[in-house]
Amino acid sequence: MTLPVFLADLDAVLTGGDPAPLPGPGETVTVTGPEARHAVSVRRLGSGDELVLADGRGSAVRCTVRETAGRDTMILTVEETLAPTVRNPRVTVVQAIPKSDRAELAVDLACQGGADAIIPWQAERCIARWTGAKRDKALGKWRSAAVAAAKQSRRTDVPRIPGLADGGDVEKLIRDTVAAGGEAVLLHEESAVAFRTVNWSDAGSVVLVIGPEGGISPAEVERFTAAGATPVRLSPEVLRTATAALSALAAIGVSSSRW
């Protein structure tokens, strides 16, 4: 079994910030707080056990537990610096906000599938609406779900989840990605273009747009297509918005060097 992964700076990842650099081989580092509590009190790690300490942005070090103190402190010795996580192409999932009972599931599955970034999108047909204080609370839940899924998947990077995007933000992202030589696709049940016909291996970056339960509106399809996105059909079945990203990421994975 691969070593368990813990984050060196959980707060930075949860707030969307950039954590401090990790220590190098031979150095010691003290980890406290929720991550250390989970390692010491839940996983029961002790002196001599090994783990991976990650910054949540792709960098990680293999460590040995030197000693623990109380329920939420552990002192680690860094054994080696691990190769950084690099996926080609990089995939940004633009996820229309699902209903509350499926929102965190969508994030969890996209993270398991290897999404590099997940952008919450307030699509025209979204039932859920992020307004006022609800926006910050919902964003926090998405980031927490991404952290939990990343650690469960043994990822050393947690997908970046920036603020809520509207149609204009998505349109700009599509234009910028296509202008840089990347691919942008909309999963659309009425498209005649098969997902497998896209040459994923030649794209350095991919934008994957997932619509809400009610589907992407005709106006949004027209707008995003004009910006350079291609509507594609992933499968004969109509997928739920919470599972579509994982299915698409898996298909990209086996069609490129990601997997």
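**Pockets and helix pairs**

Me: By class, the lining of the largest pocket has twelve nonpolar, six polar and nine charged residues. What makes a residue part of the lining of this predicted model's largest pocket?

Reply: Lining residues have an atom within 4 Å of a pocket point (1 Å grid, 1.4 Å probe, open, protein on both sides within 12 Å along at least five of seven lines). Here 27 residues line the largest pocket, and Leu187, Glu189, Pro212, Val238 and Leu239 are the closest to its centre. Helix α7 gives the most, with three residues. As it's a predicted model, local features need pLDDT of at least 70 and side-chain atom pairs 80 or more, while totals for chains, interfaces and linings use all residues. Numbering runs from 1 along each chain, and side-chain values use heavy atoms, without hydrogens or water.

Me: Which helix gives the most to the lining of the second largest pocket?

Reply: That's α4, with five residues. The lining as a whole divides into seven nonpolar, one polar and four charged residues, and Trp130 and Trp142 are among them.

Me: Why are α3 and α7 called roughly parallel?

Reply: Their axes cross at roughly 10°, and angles under 35 degrees count as roughly parallel, so α3 and α7 are roughly parallel to each other. The contact (heavy atoms within 4.5 Å) is made by residues including Leu105 and Leu109 of α3 and Leu246 and Leu249 of α7.

Me: And what makes α5 roughly parallel to α6?

Reply: The axes of α5 and α6 come within 8 Å and cross at roughly 30°. That's why α5 counts as roughly parallel to α6. Ile174 and Arg175 are among the α5 residues that meet α6, where Phe224 is one of the partners.

Notes: Axes fitted to C-alpha atoms, helices over the stretch in contact; angles between N-to-C directions. Helix = DSSP H or I, 4+ residues; strand = E, 2+ residues; numbered from the N terminus. Parallel < 35°, antiparallel > 145°, perpendicular 65-115°, else oblique. Nonpolar A, V, L, I, M, F, W, Y, C, P; charged D, E, K, R; others polar.
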